[in-house]
Amino acid sequence: MKTFVILTTLAATALAQNVYVDLPGGPELIAGDEVTIQVQRPNFLSGSREIGIAIGIQSCPTEPCIPSESSLGTELYNGSFNPEYHENAIPPYENFTVTIPEGTATGNAIVGVAHASIVGASNWPFFEVVNTTATVI
Ligand SMILES: *[C@@H]1O[C@H](CO)[C@@H](O)[C@H](O)[C@H]1NC(C)=O
Ligand SMILES: *[C@@H]1O[C@H](CO)[C@@H](O)[C@H](O)[C@H]1NC(C)=O
Ligand SMILES: *[C@@H]1O[C@H](CO)[C@@H](O)[C@H](O)[C@H]1NC(C)=O
């Protein structure tokens with residue numbers, strides 16, 4: 001019973017830490033152009049402190065992308081992550097303006113975000129990789 005409670009608490013805590021990656025300008029990206037990548041972190045409540053994130057784009061026009069957990073592809077950003085409230089309707093987020101590398105193949109791509117934080121009084125190290133699909137046009 002106790003184990004169950006602890007496991008559920010951990011699962012709930014893990015969910016509360018999840019970031020979400022959005023392309024507010026839409027999923028169509030142009031090689032050589034700047035694009036805004038928005039990383040949202042829905043919840044401030046569980047006392048998590050951000051370590052940082054890395055953002056990458058993997059181009060996979062002809063074959064399925066390999067999991068972002070294995071490769072972020074071309075690195076677009078690495079460093080601090082400071083999600084803040086802006087618009088009421090959107091969870092706390094930070095915008096990252098990056099340049100899609102010149103010469104990125106047209107077709108399917110994946111934008112991956114690796115996210116690390118420290119959670120709660122026990123300083124639980126939390127790590128996840130999330131993604132969103134895109135098309136290079
Ligand atoms: C992207 O995230 C989804 C949902 O978590 C997952 O099912 C999929 O395998 C991920 N794709 C890559 C390329 O990592
Ligand atoms: C990643 O971080 C290193 C060290 O701060 C920096 O030199 C490099 O430019 C960063 N790369 C990207 C793509 O942000
Ligand atoms: C983040 O980017 C979106 C899309 O470009 C924009 O609407 C929003 O105002 C930006 N937020 C901030 C705080 O700059």
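**Ligand shells and core of the predicted model**

In this predicted model, the shell around ligand 1 is formed by Ile-66, Pro-67, Ser-68, Ile-110 and Asn-131. By class, these residues divide into 3 nonpolar and 2 polar, with no charged residue among them. Polar contacts to ligand 1 involve both backbone and side chain: a polar backbone atom of Ser-68 lies 2.8 Å from an oxygen atom of the ligand, and an N or O atom in the side chain of Asn-131 is placed 2.2 Å from an oxygen atom of ligand 1. Taken alone, ligand 1 exposes 360 Å², of which the protein buries 42%.

The shell around ligand 2 consists of Glu-75, Leu-76, Tyr-77 and Asn-78, and its composition by class is 2 nonpolar, 1 polar and 1 charged. Two side chains supply polar atoms to this ligand, with Glu-75 at 3.5 Å from a nitrogen atom of ligand 2 and Asn-78 at 2.5 Å from an oxygen atom of ligand 2. On its own, ligand 2 has 360 Å² of accessible area, and the protein covers 33% of that area.

Around ligand 3, the shell comprises Pro-24, Thr-36, Gln-38, His-86, Glu-87, Tyr-93 and Asn-95, which divide into 2 nonpolar, 4 polar and 1 charged. Strand 3, spanning residues 34–40, and strand 6, spanning residues 93–99, each contribute at least two residues to this shell. A polar side-chain atom of Tyr-93 is found 2.8 Å from a nitrogen atom of ligand 3, while oxygen atoms of the ligand are approached by the side chain of Asn-95, through an N or O atom at 2.4 Å, and by a polar side-chain atom of Glu-87 at 3.5 Å. The accessible area of ligand 3 taken alone is 360 Å², and the protein buries 49% of it.

With regard to the overall fold, the secondary structure of the protein chain comprises 1 helix and 8 strands, arranged from the N terminus in the order α-β-β-β-β-β-β-β-β. Of the 137 residues in the chain, 37% are buried, and the chain exposes about 7700 Å², with carbon and sulfur atoms supplying 56% of that area. Among contacts with a sequence separation of 6 or more, 68% are between residues 24 or more positions apart.

The largest nonpolar core contains 21 residues, within which Leu-29, Ile-37, Val-39 and Ile-55 have the most contacts. Two or more residues of this core come from each of strand 3, strand 4 (48–59), strand 6, strand 7 (107–119) and strand 8 (124–136). When neighbours within four places in sequence are left aside, the contacts of Ile-55 include Ile-37 and Val-39, and further partners include Phe-96, Val-111 and Val-113. Ile-55 is also in contact with Glu-75, Leu-76 and Tyr-77, residues that belong to the shell around ligand 2.

Elsewhere in the chain, Ser-117 lies in strand 7 and has a relative accessible area of 0%, so this residue is classed as buried, the cut-off being under 20%. Not counting residues up to four places away in sequence, Ser-117 touches two groups of residues, namely Ser-48, Arg-49, Glu-50 and Ile-51 on the one hand and Trp-124, Pro-125 and Phe-126 on the other.

Technical notes
Residues numbered from 1 in each chain as written. Chains lettered and ligands numbered in written order. Predicted model: local features only at pLDDT ≥ 70, side-chain atom pairs only at ≥ 80, totals over all residues. Heavy atoms only, no water. Near = heavy atom within 4 Å. Polar contact = N/O pair within 3.5 Å; in protein donor to acceptor, adjacent residues only side chain to side chain. Areas by Shrake-Rupley, 256 points an atom, 1.4 Å probe, with all protein chains shown as cover. Nonpolar A, V, L, I, M, F, W, Y, C, P; charged D, E, K, R; others polar. Helix = DSSP H or I, 4+ residues; strand = E, 2+ residues; numbered from the N terminus. Buried < 20%, exposed > 50% of the residue type's maximum accessible area, 1.4 Å probe, protein only. Contact = heavy atoms within 4.5 Å. Core = buried A, V, L, I, M, F, W, Y, C linked by side-chain atoms within 4.5 Å.
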